[in-house]
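The exercises below are meant to be worked through with the sequence and the structure side by side. Try each task before reading the solution that follows.

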Amino acid sequence: MSALINLAYLVAASLFIVGLKRLSSPATARRGNQLAAVGMLIAVVATLLTGRIISPGLLVAGLALGAALGALLALKVKMTAMPEMVAALNGFGGGASVLVASAEVARYTMGEGGIGAASLHDLSPTFIVTALLTVLIGAVTFSGSFVAFAKLGEYVSGKPVNFPGMRALTVLLALAILALAAWPLLDWANPATLQATPLVWAIVGITVLALILGVLLVIPIGGADMPVVVALLNSYSGLAAAASGFVLANYALIVSGALVGASGLILTRIMCEAMNRSMANVLLGGFGGDGGEVVAAGGDGQAVARPYRQTSAEDAAVLLGYAQKVAIVPGYGLAVAQAQHQARELADVLQARGVEVKYAIHPVAGRMPGHMNVLLAEANVPYDQLVEMDEINSDLESTDVALIIGANDVVNPAARTDKSSPIYGMPIIDVDHAKNVIVIKRSMRAGYAGVDNDLFYLPNTMMLFGDAKQALQSLIHEAKTV
């Protein structure tokens, strides 16, 4: 039986690795996700059966209930709500790790008459350290993820939140957690006086303090950095799962958690590079939040309006219809309007006229990693039309029209030219190099970073105001009659 369980874990781990590899490309991501899901199913069933935790009937019932809930979420959750759902799932993963570690500690410390020292001598320093780490990382992930959930869902302001003494409070909490972690380890060093109380209270205390710490770590981070935060919290949830795997001595949990933790850290690094910011700058110097009306300051310090050009759907359709090359740049406005299908339909109309159409994808467009790829895949946009930022930039000078749909900060030339801008140095899609730029946007409000966009005021830029879906529908209608 043990050999079969280990074989099942090996198969599950292999499926995790292959599935993760396939997630690296939009063309294979769906299949990779399915393979990883099958691997997780194998690992869960093997674990429950080998531990004889529940009867086969309850196992099937639990799997059916979980599958039904998962399918319901997959069908009902809008694509605009996907970032906050990912944040919530990260939080649930961290919370589950806390419960697993706490339950295992209770198994050693709960005697027939309550808390006692009946099985404490079976504990090892490795078990104590990994249990405490699991609780710490899991609790931070849980509370931090739900703060990110609230910011992404706009249940609270996306602006950074700070108060006097917050950094000092964070440091004090970290020191208190270290002191609580040392308490059971020092007690274990003297087996003759070994008691359950230090370990139990350390678990309880670290859980409470880590929940507060998670909130304090995320609230000062601005909304513009939420994609990085989501990736980092995803890594935390994996690390918590790996630590709980050591607590349970479960190889499948260790492997899957390590894979999630490592991939999350790699993705976080990629996201930071895409924003030209260090991890410390993201965590300690967050900017951005709710976009506001922005005006430029005049030489006398007074606010002055900046001139811009406005266009109509009819004129924009003529420009698009007679172009040879068009680059579509999707952003969060496309997601909010659920306009990915209209974007693809417009591309189809233009391609029928012989226009070459590509989609320019920025790594941090939207509010979670890969947000634009997921949206466009849902609309069945051909994968070979999705072009990453580095590749599309070299092609934009020969592009006749760059069509911006709800993107803002990722196309702001201030990132290249304005050293005083908070986004200076951030790699952007160089749409201003195109011969013509059409920006579909509701208003002149700033983007999620709260920074005015110099692109809107360039002589080759035209603003097409309105909801992205409605504007695209108008463009499609007009393009068919050009």
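**Exercise 1: A residue in a loop**

Task: In this predicted model, D395 lies in the loop between helix 15 (389-393) and strand 8; determine whether D395 counts as buried or exposed, and find which residues it is in contact with, leaving aside its neighbours within four places in sequence.

Solution: Begin with the relative accessibility of D395, which is 19%. Buried means under 20% relative accessible area, so D395 counts as buried. Next, leave aside the neighbours within four places in sequence, and D395 is found in contact with K325 and K358. Finally, compare sequence with space: D395 and D430 are 35 residues apart in sequence, while their C-alpha atoms are 9.5 Å apart.

**Exercise 2: The order of a sheet**

Task: Work out in what order the six strands of the open sheet are arranged, and then state which strands stand at its edges.

Solution: Reading across the open sheet, the order of the six strands is 7-6-5-8-9-10, and the pairing is parallel. Strand 7 (386-388) and strand 10 (461-465) each have a single partner strand and stand at the edges, so one side of each is left without a neighbour in the sheet. From one strand to the next, the twist averages 25°.

A pair within the sheet can then be followed in detail. Strand 8 (residues 401-405) and strand 9 (residues 436-441) run parallel and are joined by five bridges, and in this pair L403 stands opposite I438 in strand 9. As a last step, look for a helix that packs on the sheet: helix 14 (residues 371-378) does so, touching strand 5 (325-330), strand 6 (356-361) and strand 7, and its direction makes about 140° with that of strand 6.

**Exercise 3: Positive phi values in loops**

Task: Locate A249 and Q338 in the chain, and decide for A249 and for Q338 whether the residue is buried, partly exposed or exposed.

Solution: A249 is placed in the loop between helix 8 (226-248) and helix 9 (251-275), and its phi is near 55°, a positive value in a residue other than glycine. With a relative accessible area of 60%, A249 is exposed. Q338, in turn, belongs to the loop between helix 12 (332-337) and helix 13 (340-352), and although it is not a glycine, its phi is positive, at about 55°. The relative accessible area of Q338 is 24%, and this residue is partly exposed.

**Exercise 4: The surroundings of N460**

Task: Describe where N460 is found, and identify which backbone oxygen its side chain reaches.

Solution: N460 is found in the loop between strand 9 and strand 10, where it is buried, with a relative accessible area of 16%. The side chain of N460 reaches the backbone oxygen of D432 at 3.3 Å. Beyond its neighbours within four places in sequence, N460 is in contact with R309, D432, A434, K435, N436 and V437.

**Exercise 5: Confidence along the chain**

Task: State what pLDDT the protein chain averages, and find where the value is below 50.

Solution: The protein chain averages a pLDDT of 84, and 88% of its residues score at least 70. Over residues 112-118, however, the pLDDT is below 50, and this stretch has 10 contacts in the model beyond near neighbours in sequence. Residues 290-304 also stay under 50, and for them the model has 22 contacts beyond four places in sequence.

Note on methods. Residues are numbered from 1 along each chain as its sequence is written. This is a predicted model: local features need pLDDT of at least 70, side-chain atom pairs count only at pLDDT 80 or more; totals for chains, interfaces and linings use all residues. Side-chain values use heavy atoms; hydrogens and water are left out. Two strands pair if DSSP finds at least two bridges between them. Helices (H or I, at least four residues) and strands (E, at least two) are DSSP runs, numbered from the N terminus. Axes are lines fitted to C-alpha atoms, for helices over the stretch in contact, and angles run from 0 to 180 degrees between N-to-C directions. Contact means heavy atoms within 4.5 Å. Buried means under 20% relative accessible area, exposed over 50%, partly exposed in between (1.4 Å probe, protein chains only). A polar contact is a pair of N or O atoms within 3.5 Å; within protein, one must be able to donate a hydrogen and the other to accept it, and residues adjacent in sequence count only if both atoms are side-chain atoms. pLDDT is the predictor's confidence in each residue, from 0 to 100.
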